[in-house]
Amino acid sequence: MDVRAYIREALKEMGVEPPFVELEVPKHEKHGDISTPVAMTLARTLRRPPREIAQDIKKHLDSVDAFDSVEIAGPGFINIRFRKQFIIDTLKALLKDPEGFLRKDLSSGQKIQVEFVSANPTGPLHLGHGRGAAFGAALSNLLERAGYQVEREFYINDAGRQVDLLGESIFARYKELLNTEYPFPEDGYRGDYIKELARELLDTEGDKYKDKDYADCADSFKTFGIQRMLKQIKEDLEAFSVVFDRWQSEKALYDEGLVKRCLDELKQKDKLYEKDGALWFRASEYGDDKDRVVIKSDGSPTYFASDIAYHWYKLQRGFDELINVWGADHHGYIPRIKAVIRAMDQPDDKLRVILVQMVNLLRDGKPVQMSKRAGEFITLKEVMEEVGADTTKFIFLTRRPDSHLDFDIEVAKRESSENPVYYVQYAYARINSIFRKARERGISFEGPAFVDRLTQEEELSIVKKLMFYPLMFEGAVREREPHRVTFYLQELARLFHSYYNRHRVVSDDKELSQARLSLCSAVMRVINEGLSILGVTAPERM
RNA sequence: GCCCCCUUAGCUCAGUAGGAUAGAGCACAGGAUUCCUAAUCCUGGUGUCAGAGGUUCGAAUCCUCUAGGGGGCACCA
């Protein structure tokens, strides 16, 4: 479907080439199949009444074969109705080359890095991480299908104080198991998983650390803790079907000298200065509220130091866009990272930070108390086991990332028979079932056939919905909003279920059956494509 | 105190780049299956788009202020 091209052509002949021609699917059927407000948008620049401009555009569009009618309505909308043959032809095109139809290259060859989850390896993933994971993965999939070269990266905060605390917390539990006195660190990690780690270490390495001070064996405990936690995080993400291309260790940034090199470079460019024995970054010169300490007066780096180096390193790797998916509680951090980008002489919109709002976990409408400090929280793993990965993801992806989310475990489970994810998956399974039935009846499907036999209103409505997939796709890619896919799939599934209940696909009329199987095949392709963007499985049976 | 996000139907949320009479799902009530899966479908109605100003042909959408909810403001991570 390239309605936009027709309109552009018409405008070009009128001597106008606007940067964007807006198309919308009208809410009311009487407003046609597709509509554009472009005449109104142009009214100001052209200094002409919108309806007059619309008239001119209409003149050019009247001769387009694909259109049945072109009408001007209201203040200057141009409402277009498709000719039936055009609808059918589009269906054929979709079936002939689904990928070409569904995956338009919008990338200009750009490389994008999406960094997401990036949880501290000091505890298991919680539900908030799950939301970030579902979103980041879906966004990456979406961008990939738009032709972008996408790298999915997980940043591992395996340096600094939190890691120390992890090591010491395990150490304290280890001593506890051996009935040796050791004060539990203040701000230490109190979750039960720490006890399990201590138990595991005792089982594998025995009591050789029994009489040692923490300082003497800190590295052993830290390394062990990080490795185990990271392993668990990776397993959880795998179970959630979220994959990464790259895992960047913070510690490695130090070990490989990247932090030092980066800071040297900034020093040379006079972006850093010394004051009160500390080293500061001139963040305030690049849009931040105040300057920020990079190296503390005791000589140790702040978290910000490695973050600067990390983004410096990302830029060096030649990405055209960096997307950071962060928890909303990190929003205060945006200005200083943007300042880093600017200080490195890059446009700050090269970095796009997408904030994912916190998830409130409920059980039967009552909040589940969560305290990381006390070690009481429900993990992503537990929710996945109770609710299921597909449902969990789908719930996350039916909301904009910046909306607060109440995740009620009981509701997610209880409603399982009416859950939106099943609604969409069921449509897919149903179509598979239809194909099985067709094979039984000896009706094979090898490609579009007799599609001109599709004359039912419901059939044409479905094809029109399919025709609008690219429009939805473009918008989702442009705005980096995978949740649009989720909503689209529900609408498509609704149309299909409704059709299914009204018309039989497989019948004695072989040609009509072939035609309807063609339609089903197209719907199946699109649902499959959409679900794969969301990272949700498409089951052939349910 | 300063900054960011959110506020749309009873509930959970969409609302596409400022466009037409603001939409879904859930919940509630009634109905549909001799036939491809009833995890489905069909029929029912609901709005001070938090409030007040402004910008304009046109605002849920952009700007200002106010109220409520969440979050953030370290030589913490």
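Chain A carries 82 positive and 90 negative charges. The mean positions of these two sets are 3 Å apart. Everything here comes from a predicted model.

## The chain as a whole

Chain A has 542 residues, and 54% of them count as buried. Its C-alpha atoms fill a box of roughly 85 × 60 × 40 Å, taken along the principal axes. The chain contains 21 helices and 14 strands.

How much surface does chain A expose? The figure is about 25,400 Å². Carbon and sulfur atoms supply 45% of that area.

Now look at contacts between residues at least 6 apart in sequence. In chain A, 73% of these join residues at least 24 apart.

## Around the RNA strand

RNA strand B is surrounded by 73 residues. The closest are K30, F77, Y426, S433 and R478. Which parts of the RNA come within 4 Å of the protein? Sugar and phosphate make up 63% of those atoms.

Some individual approaches can be listed. The table gives three of them, each with the atom type on both sides.

| Residue | Atom of the residue | Atom of RNA strand B | Distance |
|---|---|---|---|
| E22 | side-chain N or O | sugar or linking oxygen | 3.2 Å |
| V25 | polar backbone atom | base oxygen | 3.5 Å |
| H28 | side-chain N or O | sugar or linking oxygen | 3.4 Å |

Several elements give two or more residues to the surface near RNA strand B. The helices are α2 (38-46), α7 (161-177), α17 (420-440), α19 (469-479) and α20 (483-502). The strands are β3 (77-82), β8 (278-281) and β14 (405-408).

## Three residues up close

Start with S140. This residue is found in helix α6, which covers residues 127-145. Is S140 buried or exposed? S140 has a relative accessible area of 0%, so it counts as buried. The side chain of S140 reaches the backbone oxygen of G136 at 2.8 Å. Leaving out residues up to four places away in sequence, S140 touches V114, F116, V150 and R152.

Next comes H503. It sits in the loop between α20 and α21 (510-534). Why is H503 classed as buried? Its relative accessible area is 15%, and the cut-off for buried is under 20%. The H503 side chain makes a polar contact with the side chain of E458, at 3.2 Å. E458 also appears among the contacts of H503 beyond four places in sequence, together with Q456 and R516.

Last is D207. This residue lies in a loop too, between α8 (192-205) and α9 (214-239). D207 is partly exposed, with a relative accessible area of 46%. Setting aside residues up to four places away in sequence, D207 touches Y174, L178 and L202.

How far is D207 from E459? Their C-alpha atoms are separated by 72 Å. Along the chain, the two residues are 252 residues apart.

## Recap

S140 is buried in the model at 0%. H503 is buried at 15%. D207 is partly exposed at 46%. At the RNA, E22 and H28 each bring a side-chain N or O atom to a sugar or linking oxygen of strand B. V25 brings a polar backbone atom to a base oxygen.

Notes
Residues are numbered from 1 along each chain as its sequence is written. Chains are lettered from A and ligands numbered from 1 in the order in which they are written. This is a predicted model: local features need pLDDT of at least 70, side-chain atom pairs count only at pLDDT 80 or more; totals for chains, interfaces and linings use all residues. Side-chain values use heavy atoms; hydrogens and water are left out. Helices (H or I, at least four residues) and strands (E, at least two) are DSSP runs, numbered from the N terminus. Buried means under 20% relative accessible area, exposed over 50%, partly exposed in between (1.4 Å probe, protein chains only). Contact means heavy atoms within 4.5 Å. Accessible areas come from the Shrake-Rupley method with a 1.4 Å probe; for residues, only the protein chains shown count as cover. Lys and Arg count as positive and Asp and Glu as negative; His and the chain ends are not counted. The place of a charge is taken as NZ of Lys, CZ of Arg, CG of Asp or CD of Glu. A residue is near a molecule or strand if one of its heavy atoms lies within 4 Å of it. A polar contact is a pair of N or O atoms within 3.5 Å; within protein, one must be able to donate a hydrogen and the other to accept it, and residues adjacent in sequence count only if both atoms are side-chain atoms.
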